[in-house]
Amino acid sequence: MSINPERRLAVFAFDPSSAAAYENRSIRHLTLSIPWEMEPVPAGMPFVGPRGEYLEIVDYDAASGAFYDPVDLNDPETRPNDGLVPAVENPKFHQQMVYAVAMNTIATFEVALGRVALWAPQKWTLPDKKADPDLGFVKRLRIYPHAIREANAYYDPSRKALLFGYFDAGPENRNMLPGTTVFTCLSHDIIVHETCHALLDGMHPYFAEPSNPDVLALHEAFSDIVAILQHFSHPAVLENQIAKTRGDLEEQSLLGQLAQEFGVALGRGGALRDALGEMIDGKWRPRPPDNRALDATAGPHERGSILVAAVFRAFLSIYKGRVADLLRIASQGSGILPEGEIDPDLKRRLAREAAKSARHVLVMCIRALDYCPPVDVTFGDFLRAIVTADRDLYPADNHDYRAAIIEAFTAWGIRPEGMSIVTERTLVWPTPSEISQDNGTKLEQFVADVETLLNEPGSQKDIMSKLSRSPGADGGDMAKGLDAIAEQIAKALNEEFTTRQSKDLSKAKFGWSKEVVLSRNLLQLGLAADRRVEHLVRRFYGLLFWGMIQDQSAELWELIGIDLDDDAPRSINRSKMNGRPTVEVHSVRMANRNGDRGQVEHEYVVELVQSRAGFFDPADQKAVDEGASSKPRDFTARSGVTLLIDARTYQIRRIIGTDGIVSDDDVMARHRTYRNRQRTRPRSAFDGLVTDPRHSETIAALHRQTNEGGTEWLV
């Protein structure tokens with residue numbers, strides 16, 4: 001990246017229709033400060049729009065078959081003026097808008113997690129003469145501001161792209177001039193929402209695989225949560241809405257609404273989704289919590305809205321707690337402000353406290369992503385993840401944030417399955433000693449192996465060779481793969497160094513070699529990492545952990561919740577190297593977090609996933625489990641575990657697993673029951689995301705719901 005610290009770009013604060021309202025004239029626009037990461041276009045490549053380290057804007061209008069002129073954000077006339085002035089009629093501003101808001105969202109994630117963001121990789125294999133040497137690395141997410149002429153916007157996982165639509169308000173619309181063109185790429189909320197889908201897919205690709213009712217709902221809810229809470233990071237907007245609601249954020253305001261213009265254009269009369277309440281008989285009413293709502297709600301958006309409401313309720317509780325003293329002082333003890341315009345100093349103080357509260361809740365939710373199981377996630381898991389991550393970093397909880405989270409979630413009926421007593425202590429994910437008191441011998445060898453693996457990765461090649469199917473093979477295919485990835489990492493590090501220093505040094509030789517890579521811990525680069533290097537390093541350590549886990553004892557496997565015994569059901573995925581049950585090391589990454597004492601906490605996040613062929617007919621399942629049949633699977637069932645490993649001691653701190661392991665027949669029966677119910681429903685938008693890119697066109701379906709009245713679009 002450039003040494004320049006930031007780039008400032010103007011955007012619409014909400015939607016163009018909100019900006020056009022006279023009462024919102026003071027908050028029509030805002031200026032975002034985003035990382036300065038714009039890259040020059042390589043020689044011979046056409047300039048189609050803003051292009052940086054993370055994003056590439058391609059403004060192709062598929063409906064008209066034309067490219068819009070690209071905006072040059074480095075233009076001497078544009079650069080010092082915070083970019084172009086927001087304008088609905090200017091396609092160049094549309095490009096600026098999606099680029100700025102998406103980059104701002106990426107930066108929020110990186111700060112919360114303490115590492116660079118990566119997009120989900122393309123399909124990859126071990127390096128060889130025919131394979132992709134970058135192992136599927138996706139450098140840039142593409143954004144198409146005018147991709148489709150329809151009321152929709154979505155993330156396409158096969159193209160690694162965000163596609164935004166545009167449409168005309170219909171003649172029956174009473175809230176907007178008929179024929180008005182609505183651009184989803186000009187909605188701050190929709191851009192954040194879709195960018196979050198891509199970021200979440202980069203971290204947890206199996207969160208797009210519907211294995212229970214909460215999985216896709218969490219995808220939708222999490223994206224809405226980030227979109228709502230990011231509103232509170234803009235002081236001018238916040239102060240304006242604080243003044244309108246007189247500090248009571250439970251009243252209807254722009255801050256709790258999503259995609260106002262989109263909802264109005266579709267004839268809904270208000271925002272597409274509202275975290276605070278809803279319109280009933282033409283009047284807005286607060287939405288009271290209902291601890292039975294989840295039992296009667298199945299759709300991803302409807303179910304997700306319950307999680308959004310719970311998080312927003314927690315935020316409101318925290319905000320009220322932080323401003324109670326201010327309201328008492330301003331009201332002479334009554335807590336009720338006198339009639340008239342709110343005092344400007346009080347407005348600023350209330351806005352400051354609202355921003356702090358929202359920022360902390362937002363970071364709590366993002367940080368929780370490292371504390372979730374890697375597959376089959378539930379709302380209860382997400383609650384445990386939020387509470388555990390915050391407790392690990394802030395043991396004291398001086399502002400009772402965790403108490404507010406727990407109260408809000410349980411008020412909406414969200415709790416871990418089967419947990420009869422829901423407290424902070426019971427919600428925290430367990431340590432190894434809490435799972436098994438007799439784990440000393442189980443973990444001693446594991447800790448020693450992890451320390452060696454991280455600090456002397458080359459020493460693991462002997463394990464790789466031992467695990468190959470043929471003992472006489474030349475080092476084993478896995479050991480060869482390890483060497484090949486190490487060579488790619490060394491090459492990428494050298495290229496990255498020459499790029500940062502000087503193009504004149506491109507032919508010079510530097511200290512990075514395969515041997516150096518095999519002797520260093522490269523997971524500690526954090527936000528300073530080159531993203532291509534980070535991608536390769538994670539794959540490298542994933543391969544190392546695969547070999548190390550395979551070489552552990554059965555007692556260790558049982559403790560962490562995986563089944564690699566030879567007598568495990570034959571339907572569990574088997575290794576091509578040795579024919580034994582196998583496990584996918586989905587990710588090995590480092591989390592870097594700042595605590596309340598100014599300390600920086602470092603830990604390794606290791607995600608293991610096991611897969612098993614599933615069949616709707618139990619007789620087929622039994623035959624394949626016993627090796628008597630090789631019938632193709634009807635579906636894939638998965639279980640998994642996230643291990644949090646202390647970066648100083650190499651001890652496992654937390655074991656975060658799914659509800660049961662995939663070799664358990666009861667777990668398989670639960671998967672079978674859910675998949676059977678899903679077979680009678682319309683195809684999920686995310687079907688085929690993980691295994692079959694041919695189905696990428698159906699991604700739009702997640703944002704479309706068909707009902708008796710026709711088709712309702714849900715971005």
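**Exercise 1. In this predicted model, classify Leu135 as buried or exposed, and then describe its place in the chain and its backbone.**

Solution. Leu135 has a relative accessible area of 1% and is therefore buried, since the term applies under 20%. The next step is to place the residue along the chain: Leu135 belongs to the loop that runs between α2 (91-113) and β6 (141-148). Turning to the backbone, the phi of Leu135 is positive, at about 55°, although Leu135 is not a glycine. For context, a negative phi is what most residues other than glycine have.

**Exercise 2. Carry out the corresponding analysis for Asp397, stating in which loop it is found and whether it counts as buried or exposed.**

Solution. Asp397 is located in the loop between α9 (379-393) and α10 (401-411). Its relative accessibility is 11%, so Asp397 counts as buried. As for the backbone, Asp397 is a residue other than glycine whose phi is positive, with a value near 50°.

**Exercise 3. Determine how many residues of strand β15 are buried, and identify the strands with which β15 pairs.**

Solution. Begin with burial: of the 15 residues in strand β15 (residues 600-614), 12 are buried, so the strand is largely enclosed by the rest of the structure. Next, consider the pairing with strand β14 (residues 584-594), which is antiparallel and extends over 10 bridges; within this pairing, Asn592 has His602 of β15 as its bridge partner. Then consider strand β16 (residues 635-646), which also pairs with β15 in the antiparallel sense, over 12 bridges; here the bridge partner of Glu603 is Asp646 in β16.

**Exercise 4. Name the residues that form a positive surface patch and those that form a negative one, and examine one member of each patch with respect to its helix and its accessibility.**

Solution. The positive surface patch consists of Arg349, Arg352, Lys356 and Arg359. Lys356, taken as the example, is part of helix α8 (residues 344-367), and because its relative accessibility is 37%, it counts as partly exposed. The negative surface patch, in turn, is made up of Glu555, Glu558, Asp565 and Asp567. Of these residues, Glu555 lies in helix α18 (residues 554-560), and with a relative accessible area of 42% Glu555 is likewise partly exposed. Both values can be checked against the patch criterion, which requires over 30% relative accessible area.

Methods
Residues are numbered from 1 along each chain as its sequence is written. This is a predicted model: local features need pLDDT of at least 70, side-chain atom pairs count only at pLDDT 80 or more; totals for chains, interfaces and linings use all residues. Side-chain values use heavy atoms; hydrogens and water are left out. Patches are made of residues with over 30% relative accessible area and no salt bridge: like charges are joined within 9 Å, nonpolar side chains (Val, Leu, Ile, Met, Phe, Trp, Tyr) within 5 Å. Accessible areas come from the Shrake-Rupley method with a 1.4 Å probe; for residues, only the protein chains shown count as cover. A salt bridge is a side-chain nitrogen of Lys or Arg within 4 Å of a carboxyl oxygen of Asp or Glu. Lys and Arg count as positive and Asp and Glu as negative; His and the chain ends are not counted. The place of a charge is taken as NZ of Lys, CZ of Arg, CG of Asp or CD of Glu. Helices (H or I, at least four residues) and strands (E, at least two) are DSSP runs, numbered from the N terminus. Buried means under 20% relative accessible area, exposed over 50%, partly exposed in between (1.4 Å probe, protein chains only). Two strands pair if DSSP finds at least two bridges between them.
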